[in-house]
Amino acid sequence: MMKRMARRCSRVLLSAILSIAAFTTTATDLHAAPGDTETVIDARLEGYPSKVATEGSTAVMWMLLMLLGIITLAVLFKDAQRSHLD
């Protein structure tokens with residue numbers, strides 16, 4: 001008897017949470033209008049007579065990838081017989 005009541009209570013609670021979540025996501029989507037996008041003004045590009053743009057670089061991501069690769073490969077050469085008490 002108690003298990004049925006607890007199961008029913010949890011189902012009601014779960015359905016209430018899901019319906020609230022569904023309502024809030026649809027409500028926020030309705031408020032967002034497609035024409036409300038803001039233009040980002042980059043101060044580095046202001047004042048030039050012609051239209052210029054900055055080029056993006058992925059150098060930092062490549063360096064991070066290499067660093068994580070080195071750390072990952074360094075684990076392979078760890079001595080298996082080494083104790084944590086050394």
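Accessible areas here come from the Shrake-Rupley method with a 1.4 Å probe, and for residues only the protein chains shown count as cover. By that method, the chain of this predicted model exposes about 9000 Å², with carbon and sulfur atoms supplying 67% of it. Residues are numbered from 1 along each chain as its sequence is written. In this prediction, local features need pLDDT of at least 70.

Let's look at the helices. The chain has 2 helices and 0 strands; helices (H or I, at least four residues) and strands (E, at least two) are DSSP runs, numbered from the N terminus. How many of the 86 residues count as buried? The share is 0%, where buried means under 20% relative accessible area, exposed over 50%, and partly exposed in between. Helix α2 has 18 residues and the number buried is 0, so α2 lies largely in the open.

Here is one residue from each helix:

| Residue | Helix | Relative accessible area |
|---|---|---|
| R7 | α1 (residues 2-31) | 43%, partly exposed |
| I71 | α2 (residues 59-76) | 48%, partly exposed |

Each of these residues also belongs to a surface patch. I71 joins M61, L64, L67 and L68 in a nonpolar patch of about 490 Å², while R7 gathers with K3, R4 and R11 in a patch of positive charge. Patch residues have over 30% relative accessible area and no salt bridge; like charges are joined within 9 Å, and nonpolar side chains within 5 Å. A salt bridge is a side-chain nitrogen of Lys or Arg within 4 Å of a carboxyl oxygen of Asp or Glu.

Conventions. This is a predicted model: local features need pLDDT of at least 70, side-chain atom pairs count only at pLDDT 80 or more; totals for chains, interfaces and linings use all residues. Side-chain values use heavy atoms; hydrogens and water are left out. Buried means under 20% relative accessible area, exposed over 50%, partly exposed in between (1.4 Å probe, protein chains only). Lys and Arg count as positive and Asp and Glu as negative; His and the chain ends are not counted. The place of a charge is taken as NZ of Lys, CZ of Arg, CG of Asp or CD of Glu.
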